[in-house]
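User: Pick the pocket that offers the most room in this model and take me through it up close, please. After that, how does the rest of the fold hang together around it?

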Amino acid sequence: MLAEDHGKLIFQDDFERNESQETKDEIGKGWGTNSRSRAAGNKQVDLKNGAMYISMHKVADHAVSVTHPAEFQDGSVELRFMLENEKDSLGLNFADLKYKKVHAGHLFVAKVSPRYVELTDLKTGNMDLKTRELRLAQKLPPELQEALKAKRKRFPVKLKTGQWYTLLVTVNGDQLTVKIDGETIGSFSSEGMAHPTKRLLRLAVPRNAVVDDVKIYAKTMQE
């Protein structure tokens, strides 16, 4: 059986390194975090045992966001992950900070929890600036509330806590597909996924998650 062609490998990280101190995030290799702006500079990412342990600090006012450039039109992100608690989750959030019609560049997200995988178009959904403004003001008209339901699709899974899994998230045109340990969990097509240039990967962690062996592949680039 031939290995699936994910495209050109543009980044990989096995986290086999040590930090020089233990009080602030120091991931290296081009990674960034929101700990300074959202967690008063407290450490939320720890490199240990050759993996990246992400934990939201008690003073944080936002989920942990661990970022890395990831520029492609169609492509994939593959990584190993472990969730240690039933309430934990890991989101792979794709963004384009140059696109100003959505909040914080949000395009779409694949969220994995022990009980479900959820795929959401943020660009034409919740993170569209006009939609977000109405939502925050609690003035969303009923027809828009109904339309937003079609921007998200959830698939049931049964994942064990404390166990490593391999996650593959693939973008192909307007289709977002998730595989776990080689098994297709689900696909969802929506126009936000077809945004011409994904520029940034955000690992979104509202509680805790462990990540290792990250690989980013570009299949096609914007002309």
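Analyst: Let's start with the chemistry of the wall: the residues lining the largest pocket divide into 10 nonpolar, 14 polar and 7 charged. Bear in mind that this is a predicted model. The space inside the pocket comes to about 790 Å³. Of the 31 lining residues, His62, Asn93, His106, Met127 and Ala204 are the closest to the centre.

Where does the lining come from? At least two residues each are supplied by β2, α1 (35–38), β5, β7 (90–95), β8 (106–112), β9 (116–121), α2 (129–136) and β14 (198–205). Some of those central residues can be placed straight away: Asn93 falls within β7, His106 within β8 and Ala204 within β14.

Now hold that list against the sheet. An open, antiparallel sheet of 7 strands runs in the order β2-β5-β14-β7-β8-β9-β10. Its edges are β2 (32–33) and β10 (152–156), each of which pairs on one side only. So what holds the β2 edge? I'd put it this way: β2 pairs with β5 (residues 64–72) over 2 bridges, antiparallel, and glycine 32 has threonine 67 in β5 as its bridge partner.

In the chain before β2 there's a nice bit of ring packing. The structure holds 5 aromatic pairs in total. One of them joins phenylalanine 11 and tryptophan 31 edge-to-face, with 5.8 Å between the centres and 75° between the planes. Phenylalanine 11 belongs to strand β1 (residues 8–13) and tryptophan 31 to the loop between β1 and β2, so their contact ties together parts 20 residues apart in sequence. Tryptophan 31 counts as buried because its relative accessibility is 10%, under the 20% cut-off. Phenylalanine 11 is buried too, at 10% relative accessibility.

Tryptophan 31 has another ring partner, phenylalanine 15: the centres are 5.9 Å apart and the planes sit at 35°, so this pair is tilted. Both partners are in the loop between β1 and β2, so here the pair ties together parts 16 residues apart in sequence. Phenylalanine 15 is buried, at 0% relative accessibility. Put together, Phe11, Phe15 and Trp31 are linked by their ring pairs into a cluster.

Over at the β10 edge, the contacts involve charge. Arginine 154, in β10, places its charged end over the ring of tyrosine 116, 3.6 Å from the ring centre. Lysine 123 does something of the kind with tyrosine 99, lying over the ring's face at 4.8 Å from the centre. In the loop between α3 (142–149) and β10 you'll find alanine 150. Alanine 150 is exposed, because its 53% relative accessibility is over the 50% cut-off. Its C-alpha is 9.0 Å from that of aspartate 121, although the two are 29 residues apart in sequence.

Finally, have a look at β6 (residues 74–82), a strand that is mostly covered, with 8 of its 9 residues buried. Antiparallel pairing joins β6 to β15 (residues 208–220) through 8 bridges, with serine 76 opposite tyrosine 217. β6 also runs antiparallel to β11 (residues 164–172), again with 8 bridges, and there leucine 79 stands opposite leucine 167.

Terms used. Residues are numbered from 1 along each chain as its sequence is written. This is a predicted model: local features need pLDDT of at least 70, side-chain atom pairs count only at pLDDT 80 or more; totals for chains, interfaces and linings use all residues. Side-chain values use heavy atoms; hydrogens and water are left out. Buried means under 20% relative accessible area, exposed over 50%, partly exposed in between (1.4 Å probe, protein chains only). Helices (H or I, at least four residues) and strands (E, at least two) are DSSP runs, numbered from the N terminus. Two strands pair if DSSP finds at least two bridges between them. On a 1 Å grid over the protein atoms alone, a cavity is a set of points where a 1.4 Å probe fits but cannot get out, and a pocket is an open set with protein on both sides within 12 Å along at least five of seven lines; lining residues have an atom within 4 Å of a point. Grid points are joined across faces, edges and corners, and a volume is the space filled by probe spheres set on the points. Ala, Val, Leu, Ile, Met, Phe, Trp, Tyr, Cys and Pro count as nonpolar, Asp, Glu, Lys and Arg as charged, and the others, Gly among them, as polar. Rings of Phe, Tyr and Trp (its six-membered ring) pair if their centres lie within 6.5 Å; planes under 30 degrees apart count as stacked, over 60 as edge-to-face and the rest as tilted. A charge sits over a ring if NZ of Lys or CZ of Arg is within 6 Å of the ring centre and within 35 degrees of the ring normal.
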